[in-house]
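Please look over the sequence and the structure shown below before reading on. The briefing that follows begins with a single residue, then turns to the whole chain and to several local features.

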Amino acid sequence: MKISVMLHNLKMDPYQGFEKIAEMGVPGVHLNIGSGQFSPENLETKGRKELQNVIKSLGLEISATSAGGVDLADPEDMDKKLSRMKGIMDLTADLGTQICQSHAGIVPRDESDPRWHSMVDGAKELADYGEKIGVTLALETGPEPPELLLRLIQAVGSPALRINYDPANFVIWPAILSTRNKTSYDKAEAIEEFKPVVGVRVLGPYIVHTHAKDAMVDDDGKHHEVPLGEGWIDWPRYVSLLKEVGYDGYFAIERETGPDPVGDVQRAVDFLKRLGL
């Protein structure tokens, strides 16, 4: 297993960010191409090759691209959304990597819900496209329990639709949903249903990338992303379970908040290395 860093979390010029990641002694960069400087709209063919060469020259590789998100459960403007995602997947292939990570909206729990069929159909079209170009679409965990994501993956039935496992999202999202639904947050119930760590046993065969992010929920039901090792994720057990299911890919450090992004990322690198990565 290897470590990568989500580039934009460093909050610096991206090319300086590549150099900083190389200085940290990790081999991978998790690259956001859903918007901004490296999006399909802003990176033409020549620029794609030049970017790839810069990354390789520093001894790095792209662990995965990040597409941001697309709501596949909402059929409105679906052709436009699918076209945009295919462009991002094309760019992923052009950059020489095989994994494109994306949020896909909230998976409906009721398979008779039209939104369920919209999500299955949209995910299938993207997965079929991924099979043609050699790119796997890795759906990010979060708003639904792992068993529900498993149902979606199995309903689509494509080797090009897999999972980006973010254990912290399984802590954060139950609190978000409690707030939205105006219900009280119960930690024990949330952990039992969303399985932040042991959900690996549910989704294990389908995990192709994972985020190294931590989180907790306070007594008022407010969620907080926190530095790695300071939240509710049992990291030694998480790493152990991933080994049990045969995962041998990247741990991509994601640190979205905090006043010291570079310091937090470096400390996360050190933390993961102490776990044997």
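Is Asp264 buried or exposed? With a relative accessible area of 12%, Asp264 counts as buried, because the cut-off for that class is under 20%. The model is a predicted one, and within it the protein contains 10 helices and 10 strands.

**Overall form**

- For a chain of 277 residues, a compact globule would be expected to have a radius of gyration near 19 Å, and the 18 Å found for the protein agrees with that expectation.
- Taken along the principal axes, the box filled by the C-alpha atoms is roughly 50 × 45 × 35 Å.
- Among contacts with a separation of 6 or more, 76% join residues that are 24 or more positions apart.

**Surface and charge**

- The accessible surface comes to about 12200 Å², and carbon and sulfur atoms account for 47% of it.
- The protein carries 30 positive and 43 negative charges, and the mean positions of these two sets are 3 Å apart.

**The interior**

- Of the 277 residues in the protein, 53% are buried.
- In soluble globular proteins, nonpolar side chains tend to be buried together.
- The largest nonpolar core here has 85 residues, of which Phe18, Leu31, Leu72, Phe251, Ile253 and Leu272 touch the most other members. Helix H6, which covers residues 169–181, provides the largest share of this core with seven residues.
- Apart from its neighbours within four places in sequence, Leu272 is in contact with Ile3, Ala212, Leu228, Phe251, Ile253 and Leu277.

**Two buried residues in their surroundings**

- Asp264 belongs to helix H10, which spans residues 261–274. When neighbours within four places in sequence are left aside, the contacts of Asp264 are Pro227, Arg255 and Thr257.
- Ala215 is placed in strand S8, residues 214–217, and is buried with a relative accessible area of 0%.
- Beyond its neighbours within four places in sequence, Ala215 has contacts that include Ala168, Val171, Ile172, His224 and Trp232. The C-alpha atoms of Ala215 and Pro167 are 8.7 Å apart in space, although 48 residues separate the two in sequence.

**Helix H5 and its packing**

- In helix H5, residues 146–156, the buried positions are Pro146, Leu148, Leu149, Leu150, Leu152, Ile153 and Val156.
- These buried residues of H5 pack against helix H4 (114–133), strand S5 (136–140), strand S6 (161–165), H6, helix H7 (187–194) and helix H8 (200–203).
- After H5 comes Gly157, which has a positive phi near 65 degrees.

**Positive phi outside glycine**

- Most residues other than glycine have a negative phi.
- Lys11, which is not a glycine, has a positive phi of about 55 degrees. Lys11 sits in the loop between strand S1 (2–6) and helix H1 (14–23), and with a relative accessible area of 51% Lys11 is exposed, because that class begins over 50%.
- Lys182, also a residue other than glycine, has a positive phi near 55 degrees. Lys182 is found in the loop between H6 and H7, where its relative accessibility of 77% makes it count as exposed.

Terms used. Residues numbered from 1 in each chain as written. Predicted model: local features only at pLDDT ≥ 70, side-chain atom pairs only at ≥ 80, totals over all residues. Heavy atoms only, no water. Helix = DSSP H or I, 4+ residues; strand = E, 2+ residues; numbered from the N terminus. Rg over C-alpha atoms; globule rule 2.2 N^0.38 Å. Buried < 20%, exposed > 50% of the residue type's maximum accessible area, 1.4 Å probe, protein only. Contact = heavy atoms within 4.5 Å. Areas by Shrake-Rupley, 256 points an atom, 1.4 Å probe, with all protein chains shown as cover. Lys, Arg positive; Asp, Glu negative; His and termini not counted. Charge placed at Lys NZ, Arg CZ, Asp CG, Glu CD. Core = buried A, V, L, I, M, F, W, Y, C linked by side-chain atoms within 4.5 Å.
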